[in-house]
There are 2 protein chains.
Amino acid sequence: MPAHQPIGKATMKQKVADRMQGISAFYVMELLQRAKQLEREGRDIIHMEVGEPDFPTPQGVIDAGRALLKTGDVKYTAAAGLPELRGSIAEHYRRQYGVRLDPARVFVTPGASGAFLLAFGISLNPGEHVMMADPCYPCNDNFVRLFNGHTHFVNVGSDSEYQLTADLIAQHWRPNSKGVLVASPSNPTGTLLNGEDLKGAIDQVHELGGCFYSDEIYHGLVYDRPAMSALAYSDDAFVINSFSKFFGMTGWRVGWLVVPEDFVEAAEKLAQNIFISTPTHSQYAALASFTEENLAELERRRLELKARRDFLYENLLRLGFKIACKPEGAFYVYADCSAFTDNSFDFARNLLEQEGVAVTPGRDFGEYLANKHIRFAYTASMDRMAAALIRLERFICR
Amino acid sequence: MPAHQPIGKATMKQKVADRMQGISAFYVMELLQRAKQLEREGRDIIHMEVGEPDFPTPQGVIDAGRALLKTGDVKYTAAAGLPELRGSIAEHYRRQYGVRLDPARVFVTPGASGAFLLAFGISLNPGEHVMMADPCYPCNDNFVRLFNGHTHFVNVGSDSEYQLTADLIAQHWRPNSKGVLVASPSNPTGTLLNGEDLKGAIDQVHELGGCFYSDEIYHGLVYDRPAMSALAYSDDAFVINSFSKFFGMTGWRVGWLVVPEDFVEAAEKLAQNIFISTPTHSQYAALASFTEENLAELERRRLELKARRDFLYENLLRLGFKIACKPEGAFYVYADCSAFTDNSFDFARNLLEQEGVAVTPGRDFGEYLANKHIRFAYTASMDRMAAALIRLERFICR
């Protein structure tokens with residue numbers, strides 16, 4: 001802005017920041033609001049759009065939260081999190097992946113949302129690009145935009161199981177690329193990178209001198225083979241995870257970020273400033289996640305989700321949806337609905353209006369073939385899904 | 001970055017973001033770590049550096065949190081917060097300040113930290129300046145830096161009760177100024193802007209076309225006269241507040257942001273993306289803050305803090321500290337220690353080492369006369385403060 005510009009109302013500074021032009025609300029919110037309105041009018045809506053299972057938080061975790069509250073002592077914790085929780089998370093990596101991790105690299109955050117804020121806040125400069133798959137989770141791009149970075153979307157299809165590969169990364173890397181974000185299991189596709197491909201992608205990014213951001217928030221929710229952590233292959237990856245999905249603690253808002261050694265000091269400083277700390281009662285409750293009893297309960301839930309996955313997957317195929325890659329993780333099926341429509345948003349809206357089934361249209365996850373895809377979440381019970389499938393069948397046969 | 005720059009490790013992209021060079025850890029953290037070490041060695045440390053009172057969370061709030069947890073139903077809430085909590089906050093403005101506020105302008109956030117993130121995220125472009133008082137709370141500047149803005153510090157002294165005024169704002173406004181942040185009661189000085197001066201500052205900023213950010217997180221903790229909300233004078237102010245301080249819910253992480261009508265849509269979009277939602281159990285607990293019973297308990301606490309303020313203020317004067325403005329709010333005394341030292345950081349460090357009393361050195365709050373000032377928090381009990389004052393007297397008479 002030139003120094004001679006007149007001062008006064010004419011400058012219109014009281015306006016929304018430019019970055020907000022590129023940050024969109026989730027399209028599904030429009031459907032969700034309509035769904036709620038229909039519910040208020042007495043309609044029965046089956047929710048297959050929601051990214052949280054119908055399970056309550058496990059009892060042991062609830063009990064730990066209540067016990068902490070009983071003390072009344074809900075003070076700030078250290079900005080990086082309770083030392084015992086950071087230690088438990090590091091121990092989780094040893095047990096689950098055979099990875100030795102210094103707890104000093106673990107930062108407890110307000111959900112994975114906080115982990116993304118921290119990761120990009122300490123690493124991304126304005127104007128730098130982060131490479132991501134299209135389709136992917138919509139917030140990822142918006143975190144990059146928050147810091148005035150740019151997302152470089154790379155179209156991915158079933159040939160790479162909807163994942164970025166070392167080849168794709170090399171091919172699309174640009175001078176202003178800062179790094180690459182990979183999510184395995186992926187939202188919306190539920191696909192995994194196998195260990196070798198994950199290692200290949202990490203090595204490629206690091207060879208290019210970039211940052212590797214590994215979104216592992218659906219780890220544990222895998223049904224055919226384990227998901228590998230980026231930490232198994234590199235000490236220089238940023239790893240985002242949370243207690244929300246596998247551990248069943250969505251509303252508690254507690255996640256974590258693992259940073260490379262060189263970023264520990266920056267993460268410590270930024271966490272102090274932008275969070276003060278992560279909810280104290282949630283952190284104490286999360287500590288109870290790693291008990292044998294709780295892990296057994298989570299295994300029962302995983303098996304339930306696996307059964308739901310199989311049921312939904314098979315029935316969607318039967319109805320004529322195309323599913324190029326059987327989802328192996330998370331709780332989503334990303335289904336090609338082009339046999340029925342060339343506009344998946346309209347399909348979703350009409351399905352809601354006519355049959356009271358809420359799903360998420362492809363455009364919430366990007367642009368590439370978005371109009372041909374619908375994301376179904378198997379976060380509803382078998383009974384509810386069975387009812388939804390009857391309605392869905394009636395809808396597409398209409 | 002020029003397009004011809006070679007790709008490869010030489011680009012060293014895996015490095016900390018530039019903004020982090022300007023974001024500092026709180027200096028008091030160094031003292032705090034030393035204090036903890038001394039405590040581990042068996043020393044008794046009196047904490048007068050901590051920004052949270054020794055009171056537990058009020059019982060009614062605890063009970064509400066526990067009741068919610070008992071249901072196990074700790075799911076995500078709407079991104080902007082529970083509708084009933086947004087309504088209660090709007091009602092709080094009616095009761096407390098006689099202000100009518102549309103709940104649609106209220107966004108529940110993860111603490112005031114989340115409110116600052118949201119406020120600057122939706123309004124501040126890289127390179128724009130935000131004016132603030134020096135001294136002020138250190139995170140404020142760092143939120144601005146997070147979004148690659150710049151903080152324009154204006155030295156304030158006792159002549160303006162450590163507050164920015166309409167005149168100071170007009171005098172220091174620059175073409176790239178985006179807005180002005182004011183905190184009343186102020187941290188570290190505990191001073192208030194009276195209603196007329198607050199209105200004058202708001203009007204001045206709006207006349208200049210800028211954004212007025214009003215940090216009201218210590219509202220309610222006032223001992224001589226009420227603090228006025230910016231909302232009493234303008235519908236176009238951003239107001240940051242929280243349940244942490246007055247309501248005694250620090251570790252719960254629940255605050256709020258009130259935005260001007262024109263920013264509602266942007267705030268809704270950004271909150272969805274960067275928070276998903278504020279901790280559910282904390283929101284339900286916060287709902288219990290507005291009961292008559294709880295407000296009566298908070299009034300008892302306010303009177304206790306007032307007594308502490310008077311006790312600390314009078315004793316610091318007696319010992320030879322200079323306090324230009326008697327603090328009227330928050331729980332801090334910002335005392336001039338130049339009778340004893342010309343380096344308040346060394347003073348704080350030596351006081352900790354020799355007498356086991358932890359305080360915050362002025363440099364945590366800016367540069368202006370920082371070496372002459374110490375912030376004492378009266379968040380410790382009368383007995384502990386009395387003990388601290390004996391030690392302090394011994395220290396300065398040594």
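**Exercise 1. A salt bridge in chain A**

Task: In this predicted model, which parts of chain A does the salt bridge between A:Arg309 and A:Asp224 link?

Solution:
- Start with the pair. The side chains of A:Arg309 and A:Asp224 form a salt bridge, at 2.9 Å from N to O.
- Apply the cut-off. A salt bridge needs the nitrogen of Lys or Arg within 4 Å of a carboxyl oxygen of Asp or Glu.
- Place A:Arg309. This residue sits in helix H10, residues 292–319 of chain A.
- Place A:Asp224. This residue sits in the loop between strand E6 (211–215) and strand E7 (237–242) of chain A.
- Conclude. The two residues are 85 residues apart, and the pair links distant parts of the chain.
- Put the pair in context. Over all chains, the structure holds 44 salt bridges.

**Exercise 2. The contact between the chains**

Task: How many residues does each chain give to the contact, and what area is buried between chain A and chain B?

Solution:
- Count residues. Chain A gives 90 residues and chain B gives 90 residues.
- Take the area. About 7400 Å² is buried between chain A and chain B. Carbon and sulfur atoms give 56% of that area.
- Look for charge pairs. The rule finds 0 salt bridges across the interface of chain A and chain B.
- Turn to polar contacts. Between chain A and chain B, 47 residue pairs are in polar contact, with both residues at pLDDT 80 or more.
- Find the elements. Those of chain A that each supply at least two residues to the side touching chain B include helix H2 (59–71), helix H4 (111–123), strand E5 (177–183) and helix H7 (195–207).
- Sort by class. The side of chain A that touches chain B has 44 nonpolar, 29 polar and 17 charged residues.

**Exercise 3. Overall form and annotated spans**

Task: Why does the radius of gyration of chain A agree with a compact globule?

Solution:
- Set the expectation. For 398 residues, a compact globule would have a radius of gyration near 21 Å.
- Compare. Chain A has 22 Å, so the value agrees.
- Add the extents. The C-alpha trace of chain A spans about 65 × 60 × 45 Å along its principal axes.
- Count elements. Chain A has 12 helices and 12 strands.
- Read the domain record. UniProt, in an unreviewed entry, places "domain: Aminotransferase class I/classII large" at residues 44–384 of chain A. Residues 44–384 are 39% helix and 16% strand, with end C-alpha atoms 11 Å apart.
- Read the second record. An unreviewed UniProt entry annotates residues 281–315 of chain A as "coiled-coil region". Residues 281–315 are 89% helix and 0% strand, with end C-alpha atoms 41 Å apart.

**Exercise 4. Backbone exceptions**

Task: Where are A:Pro185, B:Pro135 and A:Arg253 found?

Solution:
- Recall the norm. Most residues other than glycine have a negative phi, and most peptide bonds are trans.
- Check A:Pro185. The peptide bond from A:Ser184 to A:Pro185 is cis, with omega near 0°. A:Pro185 is in the loop between E5 and H7 of chain A.
- Check B:Pro135. The bond from B:Asp134 to B:Pro135 is cis, with omega near 10°. B:Pro135 lies in the loop between strand E3 (129–134) and helix H5 (138–146) of chain B.
- Check A:Arg253. Phi here is positive, near 60°. A:Arg253 is in the loop between E7 and strand E8 (255–258) of chain A.

Terms used. Residues are numbered from 1 along each chain as its sequence is written. Chains are lettered from A and ligands numbered from 1 in the order in which they are written. This is a predicted model: local features need pLDDT of at least 70, side-chain atom pairs count only at pLDDT 80 or more; totals for chains, interfaces and linings use all residues. Side-chain values use heavy atoms; hydrogens and water are left out. Contact means heavy atoms within 4.5 Å. Buried area is the accessible area (1.4 Å probe) that two parts lose on being put together, summed over both. A polar contact is a pair of N or O atoms within 3.5 Å; within protein, one must be able to donate a hydrogen and the other to accept it, and residues adjacent in sequence count only if both atoms are side-chain atoms. Helices (H or I, at least four residues) and strands (E, at least two) are DSSP runs, numbered from the N terminus. Ala, Val, Leu, Ile, Met, Phe, Trp, Tyr, Cys and Pro count as nonpolar, Asp, Glu, Lys and Arg as charged, and the others, Gly among them, as polar. UniProt positions are given in the numbering used here, feature names are shortened, and annotations may be inferred rather than shown by experiment. The radius of gyration is taken over C-alpha atoms; the globule rule is 2.2 Å times the number of residues to the power 0.38.
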